[in-house]
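Let's take a walk through this structure together. Have the model open beside you as you read.

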Amino acid sequence: MTRPLNIVLVEPEIPQNTGNIARTCACTGARLHLVEPMGFRLSQKNLARAGCDYWDEVDIVRWPCAAAFFEACDGEELHLFTGHAARSFAEAAYGEGAYLVFGRESRGLDREVIDARAERCLRIPMRDGLRSLNLSNAVAVAAYEALRQQGYPALG
């Protein structure tokens, strides 16, 4: 059995984005890691508002803070997505069980996280002067590139 792709949201702020990402995880078989604190509670009301009826199909792992996640996953294949990286996400090789790590919508990953793992940082190319894609779009772009490289395991 193959190890699933891992999508990591560090301190997500917008429930609708997290709902869209959960749907992507459900459809691709990726595991979703949610790192606290989040800008919303995972209540039934917020989940319904996010418009996602796929939550039961998602393997969710919750982390109390970024430090706990990074300590526990120190030896894993981490790919951090940030606009502050020089290397394109298309240049990276994504192995089975890779972790795709994304920061909060308003300001991305903390600078100390980026600086400590600069060799693992990737960017999604876009026009100069524009800050970022919507988080759920960025996750989908990155996840499908990783899965494409792996031959779309267990996807029909």
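What follows goes from a helix to the nonpolar cores, then to the pockets and a loop.

Keep in mind that this is a predicted model. A handy place to begin is helix α1, which covers residues 15-28. Its 14 residues reach 20 Å from the first C-alpha to the last, close to the 20 Å expected at 1.5 Å a residue. Now look at its surroundings: 10 of the 14 residues of α1 are buried, so the helix is largely enclosed by the rest of the structure. Among the buried ones you'll find Pro 15, Asn 17, Gly 19, Ile 21, Ala 22 and Cys 25. Just after α1 comes Gly 29, which takes a positive phi of about 80°.

Next, head for the inside. In soluble globular proteins, nonpolar side chains tend to be buried together. Here the largest nonpolar core has 30 residues, and those touching the most other members are Leu 5, Ile 7, Leu 9, Leu 32, Phe 81, Leu 100 and Phe 102. The elements giving two or more residues to this core are β1 (6-10), α1, β2 (31-35), β5 (99-102) and α5 (135-149). Of these, α5 gives the most, with seven residues.

Pick out Leu 5 for a closer look. Setting aside neighbours within four places in sequence, Leu 5 is in contact with Ala 30, Arg 31, Ala 98, Leu 100, Ala 143, Ala 146, Leu 147 and Gln 150. Apart from this core lies another one of 17 residues, including Val 35, Trp 63, Val 101 and Cys 121.

So much for the cores; what about the empty space? The largest pocket has a volume of about 670 Å³. Its lining is made of 30 residues, with Thr 82, Gly 83, Arg 131, Ser 132 and Leu 133 nearest the centre. That lining splits into 13 nonpolar, 10 polar and seven charged residues.

The second largest pocket holds about 250 Å³ of space. Gly 29 turns up again here: along with Thr 2, Arg 3, Pro 4 and Pro 153, Gly 29 lies nearest the centre among the 14 lining residues. Eight of the lining residues are nonpolar, four polar and two charged.

Last stop: Pro 125, in the loop between β6 (121-122) and α5. Pro 125 is partly exposed, with a relative accessible area of 44%. Not counting residues up to four places away in sequence, Pro 125 touches Ser 88 and Phe 89. And to tie back to the helix we began with, Pro 125 and Asn 17 are 108 residues apart in sequence and 20 Å apart in space, C-alpha to C-alpha.

Notes. Residues numbered from 1 in each chain as written. Predicted model: local features only at pLDDT ≥ 70, side-chain atom pairs only at ≥ 80, totals over all residues. Heavy atoms only, no water. 1 Å grid on protein atoms, 1.4 Å probe; cavity = no way out; pocket = protein on both sides within 12 Å on 5 of 7 lines; lining within 4 Å. Points joined across faces, edges and corners; volume = space filled by probe spheres on them. Nonpolar A, V, L, I, M, F, W, Y, C, P; charged D, E, K, R; others polar. Helix = DSSP H or I, 4+ residues; strand = E, 2+ residues; numbered from the N terminus. Expected span 1.5 Å × (residues − 1). Buried < 20%, exposed > 50% of the residue type's maximum accessible area, 1.4 Å probe, protein only. Core = buried A, V, L, I, M, F, W, Y, C linked by side-chain atoms within 4.5 Å. Contact = heavy atoms within 4.5 Å.
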